Amino acid sequence: MTWAPCRRIVRADVPPAFRVRGINAPLLLCWPNAALNNAADYSLDFAGLLCCGDHIVEAVFEASGNQIAWSSIFGTFATAWIVWLTSGLQTVTVTARTSDGQIFTVSVTVIVQSAASLIAPRLPLLPPNAITLGGVSFPDTSGAPLVTG
């Protein structure tokens, strides 16, 4: 595998230091600030919520007012390429389904600065870990490209 998600990664679980006598602290997840009209890959690591060989089989990203070029799964990471079209505090909701049938829904916030990006992003059509042969991608049953990882 030549591609791995970038450093804009947050963990989807509550750190053990926040767990006091069985009480979980509220989960406040934030990605680094972004510029208006900028784009990059953003990831959520579900490793802390998975156990016993369970793995992610599907991830859905929802970001109102913004554009998601693609989403993908890479090991315990759910990753999406997001273009920020609205400034201010933005919330992205990620829903992941595991091989054991569990469903996790996590919200991550990011502050999008009102100053626009100087370079317009070029949107990739497929995730970097999509399975392709001669420029043709292979879809899964939902029509999304099959991915490795």
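**Exercises on a predicted all-strand model**

Counting ring pairs whose centres lie within 6.5 Å gives four aromatic pairs in this structure. The model is predicted, and the exercises below start from these rings and work outwards.

**Exercise 1. Classify the pair made by Y42 and W84, and say which parts of the chain this pair ties together.**

*Solution.*
- Step 1: Take the geometry. The ring centres of Y42 and W84 are 5.4 Å apart, and the ring planes meet at 80°.
- Step 2: Apply the cut-off. Planes over 60 degrees apart count as edge-to-face, so the pair of Y42 and W84 is edge-to-face.
- Step 3: Place the residues. Y42 belongs to strand β4, while W84 sits in the loop between β7 and β8; the pair therefore links parts that are 42 residues apart in sequence.
- Step 4: Look around the pair. Both Y42 and W84 are buried, and together with W31 they form one aromatic cluster.

**Exercise 2. Work out which strands pair with β7, and in which sense.**

*Solution.*
- Step 1: Start with β4. Its pairing with β7 is antiparallel and runs over seven bridges; to find the register, look for A40, which stands opposite I82 of β7.
- Step 2: Turn to β6, residues 67-74. This strand also pairs with β7 in the antiparallel sense, over seven bridges, and Q67 has V83 of β7 as its bridge partner.
- Step 3: Inspect the turn. β6 and β7 make a hairpin with two residues between them, and G75 in that turn has a positive phi of about 65°.
- Step 4: Check burial. Six of the seven residues of β7 are buried, so this strand is largely enclosed by the rest of the structure.

**Exercise 3. Find the partners of β9 and sort them into parallel and antiparallel.**

*Solution.*
- Step 1: Take the parallel partners. β2 is joined to β9 by two bridges, with C30 opposite T109. β3 runs parallel to β9 over three bridges, with A34 opposite V112.
- Step 2: Take the antiparallel partner. β8 and β9 are joined by 10 bridges, and R97 faces I103 of β9.
- Step 3: Follow the chain from β8 to β9. They form a hairpin with four residues between them, where G101 in the turn has a positive phi of about 90°.
- Step 4: Add a residue from the loop between β2 and β3, namely N33. N33 touches V110, I111 and Q113, leaving out residues up to four places away in sequence. The C-alpha atoms of N33 and V110 are 5.8 Å apart, although 77 residues separate them in sequence. N33 has 49% relative accessibility and therefore counts as partly exposed.

**Exercise 4. Describe the largest nonpolar core: how many residues does it hold, and which strand gives the most to it?**

*Solution.*
- Step 1: Count. The core holds 28 residues, and those with the most contacts inside it are W31, L44, F46, F61, W84 and V92.
- Step 2: Assign strands. Two or more residues come from each of β3, β4, β5, β7, β8 and β9. β9 contributes the most, with five.
- Step 3: Zoom in on L44. Beyond its neighbours within four places in sequence, L44 is in contact with residues including V10, A12, L29, F77, V94 and V108.
- Step 4: Set the core in context. Nonpolar side chains tend to be buried together in soluble globular proteins.

**Exercise 5. Decide whether C51 and C52 are bonded or unbonded to each other.**

*Solution.*
- Step 1: Find the distance. The sulfur of C52 is 3.6 Å from that of C51, its closest cysteine sulfur.
- Step 2: Compare with the cut-off. A disulfide needs sulfur atoms within 2.5 Å, so 3.6 Å is too far for a bond.
- Step 3: Widen the search. The whole structure contains zero disulfides.
- Step 4: Note accessibility. C51 is partly exposed at 44% relative accessible area, whereas C52 is exposed at 77%.

**Exercise 6. Find where in the protein chain confidence is lowest and where it is highest.**

*Solution.*
- Step 1: Get the overview. The chain has zero helices and 11 strands; its mean pLDDT is 78, and 64% of its residues reach 70 or more.
- Step 2: Go to the extremes. Strand β11, residues 136-137, has the lowest mean at 60, and strand β8, residues 88-98, the highest at 93.
- Step 3: Draw the practical lesson. Where pLDDT is low, predicted coordinates should not be read in detail.

How values were computed. Residues are numbered from 1 along each chain as its sequence is written. Side-chain values use heavy atoms; hydrogens and water are left out. Buried means under 20% relative accessible area, exposed over 50%, partly exposed in between (1.4 Å probe, protein chains only). pLDDT is the predictor's confidence in each residue, from 0 to 100. A nonpolar core is a set of buried Ala, Val, Leu, Ile, Met, Phe, Trp, Tyr and Cys residues joined through side-chain atoms within 4.5 Å. Contact means heavy atoms within 4.5 Å. Two strands pair if DSSP finds at least two bridges between them. Rings of Phe, Tyr and Trp (its six-membered ring) pair if their centres lie within 6.5 Å; planes under 30 degrees apart count as stacked, over 60 as edge-to-face and the rest as tilted.
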